[in-house]
Structures are given as structure tokens and as C-alpha cells.
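Please open the model in your viewer and keep the selection panel at hand. The stops below are to be taken in order.

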Amino acid sequence: LPGQSEREKGERKRIRLHAADWARPTCKRLSWACSQSWWAGPSSFPSLFHLSASRVSRPPTATSTRGPSSLPPQAARQPPGRRGEASRTDAMSSPSPLCAASGSTALRAPPPLLRFRRPAAAVSASVARAAPAVSDDLVLRIAEQLEDSVTSSSPLLDPLRSASALSLLSTPWPTRRSSEAFRFTDISYLRSFPISLPSRAPDLAPPASPFPSHVHFSDGLLVSASGAHVSSLADLPPGRARDRAAAALAASAEFAHKDLFYDFNAVGARDVVVVHVPEGVKVADDPVQIMFTYTNCGAESMLMSNPRILVVAEKEAEVAIVEEHFGAGEEGGCYWANPVAEIIIDAGARVVHSYVQRQSFAAAHTKWTVVQQDTSSKYEFVEVSTGAKLNRHNLHIQQLGPETETELSTLHLTSQNKQIHDLHSKLILDHPRGFSRQLHKCIACGAGNSIFDGNIKVNRYAQQTDAGQETKCLVLSPKALVNVKPNLQIIADDVKCTHGAAISGDLDPNELFYFQARGIKTDTATDALLYFFGAHVIKRIPFKPVNEKALAQFKELLASSRQMTNEALLS
Amino acid sequence: MAPPLAAVSSSSPLFSPSSSRPLVRRHAPPSYVSMRTRGRSQPAAAAAAAESSGSPLLEVRGLTASVKETGQQILAGVDLTIREGEIHAIMGKNGSGKSTLTKFYLCKTNRDHAHCSGTCMFNQVFVFDLQVLVGHPHYKVTGGTILFKGEDLVDMEPEERSLAGLFMSFQAPIEIPGVSNFDFLLMAVNARREKSGLPALGPLEFYSVVSPKVDALKMDPKFLDRNVNEGFSGGERKRNEILQLSVIGADLALLDEIDSGLDVDALEDVANAVNGLLTPQNSVLMITHYQRLLDLIKPSYVHIMENGKIIKTGDSSIATQINEGGFKSIALV
């Protein structure tokens, strides 16, 4: 087609090969692949479906060469929809009405095994270079569903969506053996139910907020956004905020350290809430409270939500955000929350970010927080995670200028059996005189699993960095498991970096004795010490209502888990 | 003078006719107790009190104790009586384990304690530790009794002992991150109030109770919000201990080397606080090396410990003697 670059041609060709070569038995598979090549013509599909229904094939193994492959005879019938190709944005805005009509989102049976057609002839080198290794069945299925569910989205999101869609084509579902980032984390819970997507926001009353600026996401869909500097992406008037948002989203398309959950969110996010604080405006005392409520609609499926927020703090601005994730439906709702928060902090700005996660105990919560800090900026982050059966937080902070300050504090409490809490944090320092402190505390009761991978990269030009990392874990029961991997990768040679990890099975006996020596009974002292262990982090949240609520909930969970252990001991 | 003398020499086990302390009989009993002004009670009243005999708060009879793990004996028959209203001081060489005796007062179960005074028990053949009295888990009582207000201490849990009115200040107080000083004090005070059936104090009321005491010790009020002992120097920790004593209150306070790490001014403040807390009903047992604390808090009795026993008891003139001539000057002569 005229006007297309060589690379694009190659990509399209590759995608076409994929689509045709391992046509899945589901027509949706093809429609997904086709729509990713931005072929909009509905007329193309029937023939492809026809094609696909007649042959099933097994996805190729990673070792086989994917790119240069001969076209199997049937696939030589190129989808005529290619003619319908227009510019990217056009295609994106009308994502194959057929897809929408594709029907239910039920799980299909996995394809039966068939002989795999080995590729034969070679194609151009460019295609070979761009060829991905493998495309995962489950990933594509979910991506397809997500893509279908987004009927209209702001054009500003397009570059992000397409980049993520592209990468999803070649991202395998991470397993503990194949992916280092998931070495300790068992994410099989995400596969236990088929995914369903919310069609519209449920009619639940929005939760009350003590703060004037608040945002409410219900099941990933933006319900309300009110506040001076808060707006949804679609409602942003043209101006500075919109430009910054557009630039930020375009830049997110090039985020190199992402994983498939980030991509899922990019593809499935319908709207983005933008908190844009103009230059010099200091509103750190009036936080923007962003509440994410989740429900589950069916017992047979997992409702997946992909809310996304973008915070831009211009030069010398100060803003505070409070993120709260909790279940709003009945107890024990089973859903998958996949939020992404992007925070851009310009020179001299300050962002105070409090994040409280108390999802239902049958929910999965995979979150990304991506932060960029410019010169002399401050980022203070406090996380309190007590809910969710599978909780994975990826925290990525990139330093873009010298003299930044980063303070991270996290508290994880696994109080239920088989609860998994995971924090994978990555702080990349490329500029001198950065200051950072990270404190991670976790209490593992019951048969829970807590994972911490704290990575700090001090690169060559990050001289005179002062980085400290401390992790303290309490393993309170014989079945609890804690995996801790503090790692500092230091290339600069004039730095001050410390890291410490303490995993103990019991509270410090000296501290306990100190309490006893002052007349406080052992039981009370143990409870108090456990409470204060966690409160040390929770108290760092600067806003009283949030703070107190989190403390109260933490206390309650500790009491209930203590009761559980007592009962277990007695029985 | 006669009545105190008589009272002291006949009934007090301090001067029991054991062969291990021939010196005791020869040594004049503290004759100046009633004359010396401590600034808190009338001399006459003190004499009268001694005569009417403040009931013994702490009675230690023939206490022998050994290290749990090695079986090494560390206390070889300690006899000590502390009555209400008395101030006792124990001095001894380094490593004579004075502190351990106090540990026995408080500790019970077998746990490793950082506040152990250190190398004491492993250096000498018969070292003894005062902390045995506190109930330190390293040590077990092999014989003798410890009675506090008539109750046997050995069977009591550390918190019970504390609630009974025994306060031990640690030689090296640890820090407790995450617990603020205020919360800690509030919990301790409420534990006591609960025991005596009083309603627990709320934070606001408690604040009004605590802040005058903080001011009296000349400490920065902001320190109440800081975590217990976090970032405190040694001297500040000791001051914190005394603050706890003044807030919580005690019948018998065991002050383990409260003077170490304090500068002159701080020491004066602390000594004033302790003196201010003394009443005819409560007593203090101090452990120290130096004369200067004894100049500020005048003891009624000074004991010298060595090798697991109290080898000498007297008044503060012994302390002066040691200060001038060293421990050898008062050796069993």
C-alpha cells in the first residue's frame, strides 16, 4: 500500500502470517489478529472464519522460527479486508463492528493438537528481525476480549493501545520458570475463571468521600471525577493539560519495562483520569481521592477491570493523591483488578501518593505504578495492602534529573490462607545526588506468601546517590512463606547505598520484655507490637481519615488472624 | 541513735551473724541516717520511721543462683533487705555482675537479653549478678527466697512483678521502632490502672498527666511522639527510663547504672527527679560505680558485692572510701 513504511509492511505481513498460519478454532482469534493489523473490512472475516474452522493447529513452540514462514495454501487467500486499510487512527476508531457482533465472551475449548506446519521459505530480512517468538493462546484470548469491550476511546489513547496490542501478540503468559519477574509469584489464580468484562457501571451508590476532589471508578469504568485539577481524558478541553496528557500517553507506548498486565490495561482501558496540576500550584493538603470499587457479576467468571490514571505535576507543583481499592459488592467477590497509575513529576514538584488496597479476599489485583521524576522532585509513596488473594504491585520509578527524593513505604499483610502479596519495585537512578529510602514491612500469618523484589539501579552517572532500602518481615506461622530479594545494582563508584533485610519468626524478645518490664502482659504486648509494626508504615499516610480507617482495618485483620491461629492451635 | 542502731543490728538480716561478714559487726551502723537531710523528709521522722520499721519491701534470703546453660554459680548466698523509705546502693567491681541481680527481679522465661551487664558471668569463678533478682532467663534460682512485699517473686511473671510495684530501669534500654513514647507510657499506665480496677485513661487526659513530668525532667515535649528510644543517645535513654518511673510509679525502683552516659547537668536533673519521687513508702536500689550519683541521691545503705555475695554493708562513707582507695581498700580486712 502506498505511504506505508517498510517496517509497517513487514509487520502487517507478519501478523497476517500469524493470523493465517495458526488459525485458532475461534473466529475471534482471527478477528483479533486482523483488527490488530487495522484491517477494518467486515467482508474479510467470513472467509477467514471459514478458513479457520476447517483447520486447527497448535501454536508453534518457541524454538521454531516464526518469522520467515511459508504461507500455507489456504492462508494464501489474503483477507481482502486489507484493502480496507486506512490510517491507523481511522481503523482504531472503528474496531471491526464484527468484533462487537462476535458475541459472547465465553471460554472456548483449547484447540486439539495437530501437526504443526513447519515454515519453509524465507521472506525478507526485515520481517525476520521483527518476528516475535511466540503468541500465547490465553494472552490473545484475553486481549481479544479486552479489545472488543472497548467500543470507543479517546484518540489520545491510540498509540498506547496499538503499541500494547502489538506487544501482546508476542508476550507469553508468564510462568514461574520462564519469567524471572514471576519466579516466586504464582499467578495461576488468574486462569481459574474465564474473564468477563463489565458492560456498564453497576448502579451502586458512590462511596462518600471526605475530600472535595474525588474520583470514582466502578469496575474500571469512570463514574465520576470532580475536583479542580481532575478530569477524564475525554473531557479535557484543549490546552496544556491535554497536551501533556497526550504526550505522556504517547510516551507510555514506549515503556520498555512493561509486562503483559500493563499491556492488558492499555488495551482495555476505556478512559483515563487525568490529574494535572499547573505550574506552581500547591495542593498537597487537599488530596485527590481516587476510589476504585469493584463488584463481581457472575459466579462463573472473573470480572476484569482496567482503570487507568495519569497524574502530571508541573514544575514546582505539589499534589497529593489517595488511591483506594476495595470491593463494593457482597463479600468475597471474585474479580480481577488491573489498574495502572502513571505519575509524571516535573522539576521541583512534589507528589504524595497514598495507596490503600483492601480488595475482597477472592479477588486478584495486579497493579502498575510508573513514576518519572525530574530534577529536584519529591515522590512520597505509602502503600498498605491487606486484601486480594493475589496481589501484585509493580512499582517503577525512573529518575530524569539530579537531586530527586524518593521515599517509599509499603506494608503487606497476608492474613488469609493462600494469600499472595507481591511487590516488585524498580528504582532507576541515572543522575547524581539522588536520595531515596525504601521501607518494606510485611506480616505473614496463616498460610500466606509474601514476596518482595526491591531493585535499585544506580547507573554510571548517578554519583553521590544516597539510597537505602530496608525490608522487615514477620513470619508468624509455620506455613507462611516469605520471599525477599533486595537487590542493588550499582555501577557508579561514589555512592552511599545500604540495604537490609530482616525476616524473623517472632517479635523481638527484647522488645517484648521491655513491655513486660513495665507491667504490660505478654498477650497485650504481642498484639501491641504487631500493631505498631504495621502502624509504623500506616501512620506515614498523611491524611487522617484515610490513616485512621486503614489502622482500624489493620487492627481488625490482626485480631481475626490471631483468632484463626488460636483456633487452629486448639483444634 | 540507740533505737535505729538496735533496730538495725538485731532484726535486719543485713547484719546477720554469718561468718562471711565479720566486718559487719565491727562496722558502725549508719549513724547519720537520721541527721542527714535528704531534703525530703524530716530527720526525726526518718528515725521514727526506722524505729517503727518500714515494712520490708524486698527480702532476699540466702539467694543462690546459677547460669542456666553452664550451671556456673553466680550468686552464693545473698541476703538483702530493703525497707520502705530506704535508699540502697550496690557497688562492686566491673564484672561482678551487679546488674544481673536486678535482672532476676523481672525476667522469668528463658530468653536472650541485651540488657545483661555483659561479660560478668563468664569471667570470674563465682560471679554473681544482681539481675538474678529480676528473674533473668539466663539464670535460675537454685536456693533461697526473694520476697517482695511478702510475696514470692520467683513464681511471678515479669509483668506481675512490675504491677506489684517493682520498677527496673535498664542499663542499656533498647529502642522500639514503631511505638511512640506516648503510646508506650499510656499502655503501661493503663495496665496498672486496670489492675487496680480504675478506668483506663484516654490519650488526651493522659497527655495532661504526662507533660508536667516531661517538663520537670527538662525534656523536649516533642519526644513523646518519637518512637521509644529511637535515635536517643545513652543518656537520653536513661532519662527516658526515669520519666517512665515518674509516670508509672513504683514501690521499689531498681536503678541500674543510671549515671552512666549522663553529663553533669543531666545527672542532676535525673537525681532531682528521683529524689522527688521518694516518699517514706517507696525505696530505691541503685547500682553504680561512682561516687557522684551517691552524692546526689544519698543512700541509707551501701553494699559491696563481690563473688556473688554482699561482702560489706555500710553507709555512704564506704563509697567515699572506695572512691579514694579503690575496692581493695575495703577488702575483707
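Select A:Thr293, which is placed in strand 6 (residues 282-294) of chain A. This is a predicted model, and the values given on this tour are computed from it. Is A:Thr293 buried or exposed? Its relative accessibility is 3%, so A:Thr293 counts as buried, the cut-off for that term being under 20%.

Next, display the surroundings of A:Thr293. Residues up to four places away in sequence being left aside, A:Thr293 touches A:Pro207, A:His216, A:Phe217, A:Ser218, A:Asp219, A:Phe326 and A:Ala328. One of these neighbours, A:His216, deserves its side chain shown as sticks: a polar contact of 3.0 Å joins the side chain of A:His216 to that of A:Thr293.

Now colour the two chains separately and turn to the interface. The size of an interface is often given as the accessible area lost when the parts come together. Between chain B and chain A, the buried area is about 2,200 Å², and carbon and sulfur atoms give 65% of that area. In terms of residues, 36 of chain B are in contact with 20 of chain A.

How many salt bridges does the rule find across the interface of chain B and chain A? There are two. To view a salt bridge between these chains, select B:Asp183 and A:Lys539, whose closest N and O atoms lie 3.7 Å apart. Polar contacts between chain B and chain A amount to 11 residue pairs, counted with both residues at pLDDT 80 or more.

Highlight next the elements of chain B on the side that touches chain A. Helix 6 (158-164), strand 6 (166-169), strand 7 (176-180), helix 7, strand 8 (227-228) and helix 9 of chain B each supply at least two residues there. Helix 7 of chain B gives the most to this side, with seven residues.

From there, move to helix 8 of chain B, residues 203-216. What covers the buried residues of helix 8 of chain B? The cover includes helix 7 (181-195) and helix 9 (234-248) of chain B. The buried residues to select in helix 8 are B:Phe206, B:Val210, B:Ser211 and B:Val214.

Trace the backbone of helix 8 of chain B along its 14 residues: from first C-alpha to last it reaches 20 Å, close to the 20 Å expected at 1.5 Å a residue. Pause at B:Val209, where a kink of about 25° lies shortly before the proline B:Pro212. The last selection is B:Lys218, just after helix 8 of chain B, where phi is positive, at about 60°.

Definitions and conventions: Residues numbered from 1 in each chain as written. Chains lettered and ligands numbered in written order. Predicted model: local features only at pLDDT ≥ 70, side-chain atom pairs only at ≥ 80, totals over all residues. Heavy atoms only, no water. Helix = DSSP H or I, 4+ residues; strand = E, 2+ residues; numbered from the N terminus. Expected span 1.5 Å × (residues − 1). Bend = angle between axes of the 7 residues up to and from the residue. Buried < 20%, exposed > 50% of the residue type's maximum accessible area, 1.4 Å probe, protein only. Contact = heavy atoms within 4.5 Å. Polar contact = N/O pair within 3.5 Å; in protein donor to acceptor, adjacent residues only side chain to side chain. Buried area = accessible area lost by both parts, 1.4 Å probe. Salt bridge = Lys/Arg side-chain N within 4 Å of Asp/Glu carboxyl O.
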